[in-house]
Amino acid sequence: MEFLQEKRNRQYMVFVGGGCAVLLFFSLFLGICQERERRTIFLQWEKTVSSAMLKQGMGEGQISEVLQSREVTEEGEKLLEKLGHMEKENLWLLETGGKNNFLFGIVLAAGSFLAVFWFLGGAGVFLLQRERQYEKAVKIIEGFQKGETERRLPGNDTGGIYRLFSSVNCLATAFGAREEAAQKAKDFLKNMVSDISHQLKTPLAALNMYMEIMMEDKEAVEVFGEKAILSLERMERLTENLLKIVRFDAKTISFEKKTCDVGGLVKDAAEGFITRAEKEGKKLFLEGEETILNCDRSWTEEAVSNLIKNALDHTDRGDFVKISWEKSPVMIRISVEDNGSGISEEDIYHIFKRFYRSSSSGGSGLGLPLAKAIVEGQGGNLTVSSQEGKGSTFVISFSYMTEL
């Protein structure tokens, strides 16, 4: 029975069963005592009658025959009626029995009262404890509504009420996790807004300064106009990267994997940096064999572009940036290598964090985290090795199992 699965219910049933057993034992005890008293009374009657008959000179045989006789005659009834023994108040035997029955009645009434007190008291205690348990549960649940999800209802026992408590605890845990996630989202949004504000402050201040210079010095329009364009481009890249990262966080990006040529993908990614490399006096190399990769071409090209831009940002005139790709029996790798400033030991463990900018970095701190999110979102891996002052190598790796 499911009712007996709850410990408190089992205790109550044991209590009721114990009370019934005590009442049964008490009734049986009274019955035995009453039967013994009845036998004593009738034995006393036989002693009295035998003594009277002996005084009248009757023999033992006659007395035995009289005591063992069960026959009731009309003459006998008339004699008892004549002697007045048909009236109850004249019978000492009935009087004695009546007194004993009265005593037994008092004892039985007292026992019944105690039994009623036992059952009502036990039921009252049980209901009081249950009511207190419900009141405590209501307070805890009201705390859940106020956001106090640390407390828990007692759910370490069996029974229907405890299964209900366990379900409420699970619900509270889910609410707590949801509230924690919502708080983290708020904190993330707050931090992101702060970071965006900080990131946009520099190019906006530069634009304002360029416009003031151009208004005061007409000859400087061409020079500072170009710088203004660069600041606008920086703001545009920053905004685009922020929007992409937000889409990753919201899980609204789905990768559409198709078979593509790695060489063509890398060439398209590097195409937009050829002019910049020539202008800055840097060499851009592409090297690799014909390789096929199953990936989302546009997003993977975005990741490679971010790595190339990062390499150009950290190289000087005369340095090189080499993009190579290779195929091994279990892996396809795309590497972006440079001989620029490299990454210090204290920075290398943080470069994939959003908005992290080292002392030597001039970027927004979003390109590398976005590249890592793109690669890992497709089941790949992005790693870096670097030596300060000698350059860095970023490697995108896709296993053949990942492609499947």
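The paragraphs below lead through a predicted model of a protein chain, from its overall make-up to its sheet, its packed helices and two single residues.

It helps to begin with the whole chain, whose secondary structure comes to 12 helices and seven strands. Of the 404 residues in the protein chain, 32% are buried. If one takes the contacts between residues at least 6 apart in sequence, 70% of them join residues that are at least 24 apart.

From here we can turn to the sheet, which is open and has five strands in the order β2-β4-β5-β7-β6, with mixed pairing. The strands β2 (283-288) and β6 (381-387) stand at the edges, and because each has a single partner strand, one side of each is left without a neighbour in the sheet. Neighbouring strands are turned against each other by 15 degrees on average, when direction is ignored. As background, the strands of a sheet pair through backbone hydrogen bonds, and the pairing is either parallel or antiparallel. In this model, β6 and strand β7 (residues 391-399) run antiparallel and are joined by seven bridges, and within this pair V384 stands opposite F394 in β7.

Helix α11 (residues 367-377) packs on the sheet, where it touches β6 and β7, and the direction of this helix makes about 140 degrees with that of β6. Which residues of α11 are buried? They are G367, L368, P369, L370, A371, I374 and V375. Just after α11 comes G379, which takes a positive phi of about 85 degrees.

Helix α11 also packs against α9, at an angle of about 150 degrees and with the two axes 9 Å apart. Since an angle over 145 degrees counts as roughly antiparallel, α9 and α11 are therefore described as roughly antiparallel to each other, and their crossing is left-handed. On the side of α9 the contact is made by W299, T300, E302, A303, N306, L307 and N310, while α11 contributes G367, L368, L370, A371, I374 and V375. The residues of this contact divide into eight nonpolar, four polar and one charged.

Helix α9 (residues 297-313) packs with helix α7 (residues 262-271) as well, here at an angle of about 50 degrees, with the axes 9 Å apart. That angle makes α7 oblique to α9, and the crossing of these two helices is right-handed. The contact is made by G264, L265, D268, A269 and A270 of α7, together with R297, T300, E301, V304, S305 and I308 of α9. Sorted by type, the residues of the contact of α7 with α9 divide into five nonpolar, three polar and three charged. T300 is named among the contact residues of α9 both with α7 and with α11.

Finally, two single residues show how surroundings can be described one position at a time. S335 is found in strand β5 (residues 331-338), and because its relative accessibility is 14%, S335 counts as buried. Leaving out residues up to four places away in sequence, S335 touches K322, I323, S324, T393, F394 and V395; F394 is also the residue that stands opposite V384. Is L114, which lies in helix α4 (residues 92-145), buried or exposed? With a relative accessibility of 54%, L114 counts as exposed. L114 and G19 are 95 residues apart in sequence, and in space they are 9.9 Å apart, C-alpha to C-alpha.

How values were computed. Residues are numbered from 1 along each chain as its sequence is written. This is a predicted model: local features need pLDDT of at least 70, side-chain atom pairs count only at pLDDT 80 or more; totals for chains, interfaces and linings use all residues. Side-chain values use heavy atoms; hydrogens and water are left out. Helices (H or I, at least four residues) and strands (E, at least two) are DSSP runs, numbered from the N terminus. Buried means under 20% relative accessible area, exposed over 50%, partly exposed in between (1.4 Å probe, protein chains only). Contact means heavy atoms within 4.5 Å. Axes are lines fitted to C-alpha atoms, for helices over the stretch in contact, and angles run from 0 to 180 degrees between N-to-C directions. Angles under 35 degrees count as roughly parallel, over 145 as roughly antiparallel, 65 to 115 as roughly perpendicular and the rest as oblique. A crossing is left-handed if the near helix is turned anticlockwise from the far one by less than a right angle, and right-handed if clockwise. Ala, Val, Leu, Ile, Met, Phe, Trp, Tyr, Cys and Pro count as nonpolar, Asp, Glu, Lys and Arg as charged, and the others, Gly among them, as polar. Two strands pair if DSSP finds at least two bridges between them.
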